Amino acid sequence: MRHTDHRTITTTFAAALGLLALTACPDPGGNDTDTDASEGSTSGDTTAGPTTTNPQTSDTSEGDTTQSPTTGSSSEGTTGEPIGLLPRVIEAIGGEQALGELTQVEIVAAGTRYVADEGYMPGGPAVEASSFDTRTGIDFESGSLRLDITRNPLYIPTGVPFVITELVEGNLGYVDGLENLFGGPPGHDMLSDRWASTVKQQRLLNPHFLLKELLVDPSPASEIGPADFDGVAHERLEVEDAVFPVTLWVDTNTNLITRLTTMENAHLHRDVELDLRYYDWQSTADGVLFPHEVQLWHGGELIHDELRSEVASNPELPADAFALPPESTAVYDEPEAIRGTRNHQHNQLFTSIGIPNDGLQTFIDADEVAPGVWFLGGGSHHTVVVEQASGLVVLEAPLYPQRCEAILDWIDVNLAS
């Protein structure tokens with residue numbers, strides 16, 4: 001229960017050094033926590049963010065996603081009957097047999113991560129967070145991942161790259177190597193929100209996860225009608241998802257996926273659109289096609305751009321490639337995993353800067369630095385509370401609702417009267 005009585009609390013949001021304003025306190029009138037994104041059609045201005053040399057990249061709108069299902073293209077089988085969109089997508093990506101026999105893949109890539117809301121001017125474009133080189137191993141059968149990463153911090157340059165390995169085995173994960181600008185252990189278990197975030201990121205970058213699942217059970221997918229993207233006719237396939245439906249945008253001429261859109265929660269902006277762009281599809285030795293450039297747009301801004309120099313299907317990866325080290329004591333926390341899935345870019349963005357923000361910062365280290373002036377320390381985000389005759393002033397670097405609630409609880413117990 002919040003105590004107001006005769007005192008008033010005024011909150012001023014601050015973003016000290018441009019590092020701390022990625023996420024927000026709840027808005028009494030809005031979606032203030034890790035909830036499912038609201039239903040309905042979405043569109044957004046995707047012109048923000050750095051430009052690339054790829055001619056297919058441009059701003060667009062999804063259009064009305066409430067149209068009646070349709071088969072779209074006039075592609076026909078030997079009987080003259082129209083072929084459904086999902087079979088055409090699977091055939092275009094390499095065919096049912098090749099996709100079904102795809103068990104592992106290894107991808108060598110380089111690129112840049114950007115971070116939104118951290119520029120010098122409010123509303124400015126996303127700025128470079130880090131460049132990276134990665135060798136990613138994926139086991140589609142077990143869902144295991146291995147990401148060998150060399151990350152060069154750009155937002156806070158260090159001159160020394162982070163060399164780390166992220167491992168996912170089942171529903172557990174481990175980070176080997178130093179990834180934090182402020183130091184820390186050279187290896188540590190992934191908390192479940194980070195584990196879920198890492199898994200979701202790879203599922204978005206590689207739609208083969210989804211297509212292999214639909215190959216076994218196509219029932220979650222339905223056709224939702226045509227739409228234009230970048231001036232090109234597309235058909236759309238909507239797939240059920242625990243957070244928000246995933247829409248695959250399929251080029252009518254090639255039957256290849258050029259775009260994936262969905263929604264997730266961002267603490268500062270509430271529901272935002274995730275927009276994946278896939279370019280330059282090329283065949284592997286086993287006949288399955290992979291895109292050689294992938295972009296991830298978040299709320300209309302480019303935040304991840306990777307160019308792939310090598311893609312090897314069904315490589316001979318070592319048997320222990322995905323194994324967590326024996327010192328790992330990782331445990332699975334389902335509520336935290338759900339939170340990581342609903343807000344996955346929160347974890348990825350902070351990690352790309354070199355300030356991992358995994359888990360919940362609800363602890364408060366209170367210090368009265370002057371009479372009536374309280375510094376409420378946290379991990380990466382802190383708060384100042386100033387007592388005045390007519391109420392309290394709270395200067396807040398916003399993080400997420402759980403920390404805001406912890407601050408208000410502390411005020412209720414220690415200051416409100």
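**Figure 1. The largest pocket and its lining.** In this predicted model, 22 residues line the largest pocket, and those nearest its centre are Lys200, Arg203, Leu210, Asp241 and Val246. Three elements each give two or more residues to that lining: α3, α4 (208–216) and β11 (257–266). Helix α3 provides the largest share, with five residues. Sorted by class, the lining holds 14 nonpolar, six charged and two polar residues. For a sense of scale, the volume of the largest pocket comes to about 430 Å³.

**Figure 2. An aromatic pair between tryptophan 195 and tyrosine 332.** Searching the whole structure turns up five aromatic pairs. In the one shown here, tryptophan 195 and tyrosine 332 meet edge-to-face, with 5.6 Å from centre to centre and 85° between the planes. This pair links distant parts of the chain, as its members are 137 residues apart: tryptophan 195 belongs to helix α3 (residues 192–205), while tyrosine 332 is in the loop between β14 (301–313) and α5 (334–342). Which side of the 20% line does each partner fall on? Tryptophan 195 counts as buried because its relative accessibility is 14%, whereas tyrosine 332, at 37% relative accessible area, is partly exposed.

**Figure 3. Two tryptophans, 374 and 410, edge-to-face.** Here is another aromatic pair, formed by tryptophan 374 and tryptophan 410, with 5.3 Å between the centres and 65° between the planes, which makes it edge-to-face. The pair again links distant parts of the chain, joining strand β16 (residues 373–377), home of tryptophan 374, to helix α7 (residues 401–414), home of tryptophan 410; the two are 36 residues apart. Tryptophan 374 is buried, at 18% relative accessible area, and tryptophan 410 also counts as buried, with 13% relative accessibility.

**Figure 4. Arginines over tryptophan rings.** Two close-ups share this panel. In one, arginine 236 lies over the face of tryptophan 249, 5.6 Å from the ring centre. In the other, the ring of tryptophan 297 has the charged end of arginine 277 over it, at 4.8 Å from its centre.

**Figure 5. Threonine 134 and its contacts.** Where along the chain does threonine 134 lie? Look for strand β3, which spans residues 127–139. With a relative accessible area of 13%, threonine 134 is buried. Leaving aside residues up to four places away in sequence, threonine 134 touches Ile107, Val108, Ala109, Asp148 and Ile149.

Key
Residues numbered from 1 in each chain as written. Predicted model: local features only at pLDDT ≥ 70, side-chain atom pairs only at ≥ 80, totals over all residues. Heavy atoms only, no water. Helix = DSSP H or I, 4+ residues; strand = E, 2+ residues; numbered from the N terminus. Buried < 20%, exposed > 50% of the residue type's maximum accessible area, 1.4 Å probe, protein only. Contact = heavy atoms within 4.5 Å. Phe/Tyr/Trp six-rings, centres within 6.5 Å; stacked < 30°, edge-to-face > 60°. Lys NZ or Arg CZ within 6 Å of the ring centre and 35° of its normal. 1 Å grid on protein atoms, 1.4 Å probe; cavity = no way out; pocket = protein on both sides within 12 Å on 5 of 7 lines; lining within 4 Å. Points joined across faces, edges and corners; volume = space filled by probe spheres on them. Nonpolar A, V, L, I, M, F, W, Y, C, P; charged D, E, K, R; others polar.
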